[in-house]
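Student: Could we go through this one together? I'd like to start with the terms and then look at burial and packing.

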Amino acid sequence: MEGSDEDEPAGASSQSDQHMTTTSRHHFGNARDSSDAFSITIIESMKEDYGLFVWPCSVVLAEYVWQQRSRFLGASVVELGAGTSLPGLVAAKLGSDVTLTDNAVRLEVLDNMRRVCDLNELKCEVLGLTWGMWDAAVFNLKPKIILGADVFYDTNAFDDLFATVTFLLQNTLGSVFITTYHNRSGHHLIEFLMVKWGLKCVKLLDGFSFMPSDKASGLSGSIQLAEIVLNCEPVK
């Protein structure tokens, strides 16, 4: 369950008109019942169209990471298209070795990632990674878990995204891509591209099926969570 905070309830925000920024606080676990409960503070920007806002898919994926926390202790994690980076930061808080990535040309987003890591006293690598481009740094990434919240928003970028995901999955035996997306994202196209890139879905959940009611009540839309791996079955 989401924890409570008498001074600042979960999701509470403080606004700065001058800089068009806001901070939101997200709680995981119940501080009254669990010693491992914690919160993550996110810096959001009202002037950025997409990259600096905590979208519902990010909240759902972050909650899933928390609930699956035993998988993340000591794991190497890469978050793609991280933006405000809530899922990756939760993984870091749980003991993962985390690399946060976003488009290499979005310098404001990358700078905000560094600020949020400092704010939460978390040590994460921040890397500019443009899907479908093979910079030297990409070849050094060997994640056990790849995270992606709402990365299926532009159908024109799907192929590049799958190329990057497939490359990263091939870098580490037994790795998995965990992603949340809205049903508006074109599920049939996603299924087609999974086959094209030699991937398969091993788990598909309604994003609201595991959300605590107090968190779910603040979200909208139809959100799916999928776990995707390499399809190693021989071609028949």
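Tutor: Sure: buried means under 20% relative accessible area, exposed over 50%, and partly exposed in between (1.4 Å probe, protein chains only). This is a predicted model, where local features need pLDDT of at least 70, side-chain atom pairs count only at pLDDT 80 or more, and totals for chains, interfaces and linings use all residues. Residues are numbered from 1 along each chain as its sequence is written, and side-chain values use heavy atoms, with hydrogens and water left out.

Student: Is S175 buried or exposed?

Tutor: S175 sits in the loop between helix 4 (158–171) and strand 8; helices (H or I, at least four residues) and strands (E, at least two) are DSSP runs, numbered from the N terminus. Its relative accessibility is 6%, so S175 counts as buried.

Student: Which backbone oxygen does the side chain of S175 reach?

Tutor: Leaving aside neighbours within four places in sequence, S175 is in contact (heavy atoms within 4.5 Å) with P143, K144, L168, L169 and V229. At 3.1 Å, its side chain reaches the backbone oxygen of L169.

Student: And S70, buried or exposed?

Tutor: S70 lies in the loop between helix 1 and strand 4 (76–80). With a relative accessible area of 66%, S70 is exposed.

Student: Which helix gives the largest share of the largest nonpolar core?

Tutor: Such a core is a set of buried Ala, Val, Leu, Ile, Met, Phe, Trp, Tyr and Cys residues joined through side-chain atoms within 4.5 Å. Of the 47 residues in the largest one, I40, F72, L86, L89, V90 and I178 touch the most other members. The largest share, 8 residues, comes from helix 1.

Technical notes
A polar contact is a pair of N or O atoms within 3.5 Å; within protein, one must be able to donate a hydrogen and the other to accept it, and residues adjacent in sequence count only if both atoms are side-chain atoms.
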